[in-house]
Amino acid sequence: MPHHLRSRALPALGGAALAALIAVAALPQAGNDPDPEPLDARPAATLAGGDSILNMFEWNWNSIAAECAGPLADSGYTHVQTSPPNEHILGSDASSGEEDAWYIHYQPVSYEIESRLGTRAEYAAMVATCEANGIGVIADVVINHMAAGSSTETRHGWNGSEYRQFSYPDAGYDASDFHNTGSSYCEISDYTDRAEVQECHLVGLNDLDTSQTDVRETIAAYLNDLTSLGVAGFRVDAAKHISATDLGAIMDLVNGDPYIVQEVIGAAGEPITEAEYTGIGDVQEFSYSYDLKNHINGGSNAQYLTTMGTSWGYTAPAGVFVANHDTERGSLTMNYKYGQDYLLGEAFMLAYPFGTPASYTGYEFSGSSDAPPLNADGSVADADCGAGAFTCIHRSPYMSGMAGFRAATAGDAVVNTWGSGDALAFGRGDTGHVVVNAGSSPITQTFTTSLPNGSYADVISGSTVTVSGGTFTATVAAKTALAIYVGNDSGGGGEPTANDCVNVNATVSGTSVGDEVYLVGSIPQLGNWTPISAGHLSGTAYPVWKGTIQVPAGTTFQYKYVIVRSSGAYTWESIANRTATVPATGCLELTQTWNAA
């Protein structure tokens, strides 16, 4: 829920006030209304147990299309989620100092499929490309409100649509289509008041009166336009601010049977609950992401994660995530800056069968409103996974490989659980087995498994794991994971030999205390362009960073060195990708110097 969205027409909020506003929905409140019965609406389509979503936040349409035709086509991800595709305010209409912020996408001025992420034609082409590669598209849709506007000044959206407060002619809305205009104007301040939350305005964003037939039909027409382009489902932003009755009635007007997941941030004692919306579709379970952080990066042991589910108080059917575009900028969940802990959270979520998982990939940021990389005309730049701000973290085997694990183990129950401190393991029937070590020391353990006897390739490292007589023995390094499944018996190349190695001696300048250096590259052993533990180099001989990485003989790959700052930011070599081949005999020796030219 974009609690912090605001426009130039609103008074500027300081950081403390903004943080307090965002936190309102997550803190326990004293309720004053009984919960209504859950809505009995037409149920939405559900995703299968092996399906998974990749939320490609602020990726433009052409870049998503290229990724669907490339790395994603060979991953296990079955769906991608796009940022809102409709026309939004211009960056110049954002608050001073926040021009071009990411959240201008959550301030719609029309339902035209034209935004700084691309054109209607590009969106349609992206959907078609993804579908051709077996990947459905889910659109993030903003249907609770329209952009905050001035009552005295005509402004313009990205595609030229004119708008004012309570007047959006290109969307078909005037003042009669909104809640509480004129002398009855109100903004949300009390989350214990149901009517206020669902009928007053969200930090100046004009709240649509979704009880009206014409408003419902206008919104449904927008959603039907998206389904006509091939969109398979919707993530409904700020669903909590639309009554479940109204939202269900809107979705009943939508053609086909789209998948629906709704943003409903519940809190103890509040009158609006997640359960009200389960008759419409999945509901995002924010507590899941909070608990993942607590057990992987917090004070509770990771071993207890194998019991996650409705017994923990979660609502079902649920959409689950490690982070999303709102939470990664707060403190309640992890984000890419958490490094291996974040990747372990993603790997666990994809391996564990509760809910429909939505993995997350975005871009580096330092401030909560930082824009994505932009072109000179203000449009969002293409994602560059070899350099630039887009993290491309989804290419890590902890995500793309584990999406494949999820697909392969669909429908199989959790069996053979094991846990000790911050380490855990479990099987998925007789199809797969996963070990997660969130601790600070390696573990060596013999695990009981239902997998058939044989050799399996570890999804994460590519090394071979042998199952014999219902057990396998493995050493799992600190902050790493292991995952094997039936059908994935290649990629490890057997046990590593003396020839399957890359010895690195890299002189890297520009590092500070707390920084780390990685060799990253185009193959799983080097993270598919994301830093992973296998490519981590030791700085004990500073300024020379050393390491040995297991890569099969004969493998040709592209690579670069990257500094991962103590803040979580990446600094890449400013050169074209390097290329090397592991020789048939002997190790590949890389004695090189960081190149920032």
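Just after helix α5, Gly 230 takes a positive phi of about 105 degrees, where helices (H or I, at least four residues) and strands (E, at least two) are DSSP runs numbered from the N terminus. This is a predicted model, in which local features need pLDDT of at least 70 and side-chain atom pairs count only at pLDDT 80 or more, while totals for chains, interfaces and linings use all residues. Residues are numbered from 1 along each chain as its sequence is written, and side-chain values use heavy atoms, with hydrogens and water left out.

Helix α5 covers residues 213–228, and because its 16 residues at 1.5 Å a residue (1.5 Å times one less than the number of residues) should span 22 Å, the 22 Å between its end C-alpha atoms agrees with expectation. Among the residues of α5 that are buried, meaning under 20% relative accessible area with a 1.4 Å probe and protein chains only, are Val 215, Ile 219, Tyr 222 and Leu 226. The elements that cover the buried residues of α5 include α3 (120–132), β3 (136–141), β8 (233–236) and α6 (244–251).

Confidence is given by pLDDT, the predictor's confidence in each residue, from 0 to 100. The protein averages a pLDDT of 89, and 91% of the residues score at least 70. Two stretches stay under 50, tabulated here with their contacts (heavy atoms within 4.5 Å) beyond four places in sequence.

| Stretch | pLDDT | Contacts beyond four places in sequence |
|---|---|---|
| Residues 1–41 | under 50 | 107 contacts |
| Residues 491–496 | under 50 | 12 contacts |

Where pLDDT is low, the predicted coordinates should not be read in detail.

Terms used. Buried < 20%, exposed > 50% of the residue type's maximum accessible area, 1.4 Å probe, protein only.
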